[in-house]
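Reader: I should like to learn how to read a model in which protein and DNA appear together. Where should one begin?

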Number of protein chains: 2
Amino acid sequence: MSQVIRKQAVTAEDVAKRAGVSRAVVSRALSSNGSISLATKEKVLRAAQELGYQVNFLAQGLNRQRSHLIGVIVARIGDPFRSSLLEGLLHEIQRRGYQALVTEITGEQDLVTTLRRFTQFRVSGVIVTSGKPPEAIVNECVGQQIPVVGINRHPDIPFVDFVCSDNHRGAQLAAEQLVHAGCRRFGWLINRNSTWAGVMRGEAFEHALQQLDVDTQRHLRWISASEEGYDGGWQAALNDKDELPEGIFCANAQLACGFLDGMRQRGKFAPHDFHLIGFDNTPQSGQFSYQLTTLHQDVAEISRRALTRLLERAKNPLQPSRVEWVKVELIHRQTSPRIG
Amino acid sequence: MSQVIRKQAVTAEDVAKRAGVSRAVVSRALSSNGSISLATKEKVLRAAQELGYQVNFLAQGLNRQRSHLIGVIVARIGDPFRSSLLEGLLHEIQRRGYQALVTEITGEQDLVTTLRRFTQFRVSGVIVTSGKPPEAIVNECVGQQIPVVGINRHPDIPFVDFVCSDNHRGAQLAAEQLVHAGCRRFGWLINRNSTWAGVMRGEAFEHALQQLDVDTQRHLRWISASEEGYDGGWQAALNDKDELPEGIFCANAQLACGFLDGMRQRGKFAPHDFHLIGFDNTPQSGQFSYQLTTLHQDVAEISRRALTRLLERAKNPLQPSRVEWVKVELIHRQTSPRIG
DNA sequence: TTGAAAGCGTTACCAA
DNA sequence: TTGGTAACGCTTTCAA
C-alpha cells in the first residue's frame, strides 16, 4: 500500500546533528572542498546516506553565485536536425553533471528575455543554437562571467566561442561529388531568410565550383524557397519552371526532402534527372523513400566541443573568442551515388 | 565598440537605497504581495527599471521553497512525435511564466536520479513523458508537495494526474475506417517492449473490431517489430512472410513509415495491396512520400491540460488522481483513403 | 581538522 | 503602509 508521508526535506543541519559535527563539516565532506579527516568524512557520508540527504541546489547556487544549470536556446525543434542537436546537447550536459534549462524561442525578441532569465538563475553557461542575440545582452552575460557559446552561428561576438560544422569543407565535398559525377549545370537551393550557416554553405559552394573551373556566372543558378523546411523545398520544386540543373546542392535536409518530393510530383527523379546533395544527414534522409546523399553533421562532436568551450571559458572568461570547425562527412546515397 | 563591464548584479538592496525605502518594500512592489501605496510602488518600480534590477531566482526560490522551474522528462527526442510533444510543452511552460528543466533519460534507472535532482531544484512541477517512475520516488515528490503529471502513461499512481490521448477512441476510428473500406483481415503492428499507450491501442483495436463483428481470433493478426521506430517497421515488413492483412493499424507513426517503406521494397503498396493507419500524425506522415492515414494527437491540447493539472494540484496536493483523455482525430490520407 | 559566524538575495512575519 | 528582522540552506573565511 502506498503511503505518502509529508516531510520537510533533510538539511545539512540534520546530517550534522546525526554525525555529531557542525554544518561546516558536512559541507566539506560532500563537496571535498576544504580539509577534513577521512574518519569524519566517512561518518558524515554515512549519516547523509541514512537520512537520504540531498543538497538544496537553490541554496548552494545562491551561495556560490552559480547554479549547476546550463541554458540552451533552441527554435523549431520539430525540425529533425534541430531536435537531434538538442538531444546531443542534453546528453552532453547531463554527462558532465549539469542540468539543462531549455527555452524555445520563436523570434529574435525572445532572445533578450530568455538570456536575462537565464542570468536570473545564475546559469553556469548558455548555449545558443538559434537566433542572433544582440551584443548588448550577451555582454550582460559576459559581465556576469557567464560563458556563452554559439552553435552554427556567425562568430562575431567578443568573448563568445563558436562551434560550427565545417560548411566550407562540406560545400567543397558536394561540389567535387557533383562535378565528378558529370554535372555541368548547378543549382543552389536555399530558403529566404536563411541562417548564416545556410548562406555560408552557398557561398562556399560557389567558390568550390569556381575552383573546379566551373563558370558559376553561367552555370550556377540559385533556387530560392519562399519558406523553410519541407514545405519550402516542395514549393520550390513545383514553382521552379526554369531548366532543371544537373547538380543541386541544398542548404539543409528538410528543404532537400521537400524538393525531392516536389520533383517526384513533377515526374522528375534523382539521380536520373538531376543530382541532389543535402546537408545535416537527419534520420529521415537515410530512409528508403529519400536516400538522400548528404553531408553529415557530427552532432555528438559539436555538443562535446560546445561544453568543453563553455567550461574552459568559465575558468578563463576574458580569453579571446574561439571558433571551432567540426568535421563533416559526405554520405553517399541514391540522390547522387558514389562515383567509380 | 563593444565594452564589457564586469559588474555585480543589482540587488533589491540597491533598488531600496535608490528609491529611499527598505528591502521589504521593494519585494512587495515587485511581487504585489502585501500592501503598498501606489506612490511608493511606482517609485520603486522606476528605481528598479533604472538600475536594471532582476530578481535572483535562486534566492527567491530558496525563500519560497519553490523555484519557477518545471522539470520535464523526455526520451528519444529524435523521434518526431516526441520532439513535437516537447515543443508543445515548452511553449506552454513558457507561456505560463515558468522555465523548463529538461532531462533526457535513456533507461528506467535514470528516472530516480532525475526526479531527485528536480526536487533538489525545488521545481514547481514535474512532467513525465517517458518511462515509468517507481512509486517510491514519486511519493518523495508528493511528500514534498511537488505535483507530478504523466503524459500518455499508465494512470496508476495516487496523487499523480495523467493526460492521455484517447487511444480507445482512436482505435475505434481506425477499426471503423478499415472495416468500412472493405478490409476483412486485419493486422496490428507494434514493437516489442512498447509503451503502455501502444499496448492499449492494440487492445482497443481488437475490441473495436469485435464490436464490428470481426472474428478477431481468426482475422486479426499481430505483427511484431523487434525494435522501435522506423527501422522496426522496416524490418517487420521485410521479415513478415505470412499473408498480408488487408487492413493494418499501427502503434505509431515512425513504425508505420518504416513498414510502408519496407513493403514498397517488397513491391507492395498502400492502399492497393493493403490499408495502413498510423498514430501520432507527425509532420513526416503528411509528406508526399508517405501520405499516411493517421490518428492525430493534439499536442497543444495535451500540453495545455498537463500544465493546468500541474497548477491545480499545486493548490490542492491531495486531491484524487485525475485522468484526462484528449480527443484524437482521424486524418484521411492515401494509405487508407476516405470512403464514399 | 574543526566550529562559529558572516554572508548569498529574497520573502514574510510582526511591530510600529 | 512601512521597516526591522528572522528565516531559507548552504559555503567559506577565520580562529581556535
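Author: Begin with the contacts to phosphate; the model is predicted. A polar side-chain atom of Ser27(A) is placed 2.9 Å from a phosphate oxygen of DNA strand D.

Reader: Which other residues of chain A have an atom listed against a phosphate oxygen of DNA strand D?

Author: A polar contact is a pair of N or O atoms within 3.5 Å. Asn56(A) has a backbone N or O atom 3.5 Å from a phosphate oxygen of DNA strand D. For Arg64(A), an N or O atom in the side chain is 3.3 Å from a phosphate oxygen of that strand.

Reader: Which residues come nearest to DNA strand D?

Author: There are 27 residues around DNA strand D, and the nearest are Ala12(A), Tyr53(A), Arg28(B), Ser35(B) and Thr40(B). Of the strand's atoms that come within 4 Å of the protein, 58% belong to sugar and phosphate.

Reader: How do the residues of this surface divide by class?

Author: The surface near DNA strand D has 10 nonpolar, 12 polar and five charged residues. Among its contributors, α2 and α4 of chain A and α2 and α4 of chain B each supply at least two residues.

Reader: What may be said of chain B and the phosphates of DNA strand C?

Author: Ser27(B) has a polar side-chain atom 2.9 Å from a phosphate oxygen of DNA strand C, and Tyr53(B) has one at 2.8 Å from a phosphate oxygen of this strand. In the case of Asn56(B), a backbone N or O atom lies 3.3 Å from a phosphate oxygen of DNA strand C.

Reader: Which residues come nearest to DNA strand C?

Author: Arg28(A), Ser35(A), Asn63(A), Ala12(B) and Asn63(B) come nearest, out of 27 residues around DNA strand C. Sugar and phosphate make up 58% of the atoms of DNA strand C within 4 Å of the protein. The surface near this strand comprises 10 nonpolar, 13 polar and four charged residues. Helices α2 (23-31) and α4 (57-64), in chain A and in chain B, each give at least two residues to that surface.

Reader: How should one read the overall form of chain A?

Author: One may set the radius of gyration against that of a compact globule: for 340 residues the latter would be near 20 Å, but chain A has 26 Å. Its C-alpha atoms fill a box of roughly 85 × 55 × 40 Å along the principal axes. The chain contains 13 helices and 12 strands.

Reader: What share of the residues in chain A is buried?

Author: Buried residues, those under 20% relative accessible area, form 53% of the 340 residues in chain A.

Notes. Residues numbered from 1 in each chain as written. Chains lettered and ligands numbered in written order. Predicted model: local features only at pLDDT ≥ 70, side-chain atom pairs only at ≥ 80, totals over all residues. Heavy atoms only, no water. Near = heavy atom within 4 Å. Polar contact = N/O pair within 3.5 Å; in protein donor to acceptor, adjacent residues only side chain to side chain. Helix = DSSP H or I, 4+ residues; strand = E, 2+ residues; numbered from the N terminus. Nonpolar A, V, L, I, M, F, W, Y, C, P; charged D, E, K, R; others polar. Rg over C-alpha atoms; globule rule 2.2 N^0.38 Å. Buried < 20%, exposed > 50% of the residue type's maximum accessible area, 1.4 Å probe, protein only.
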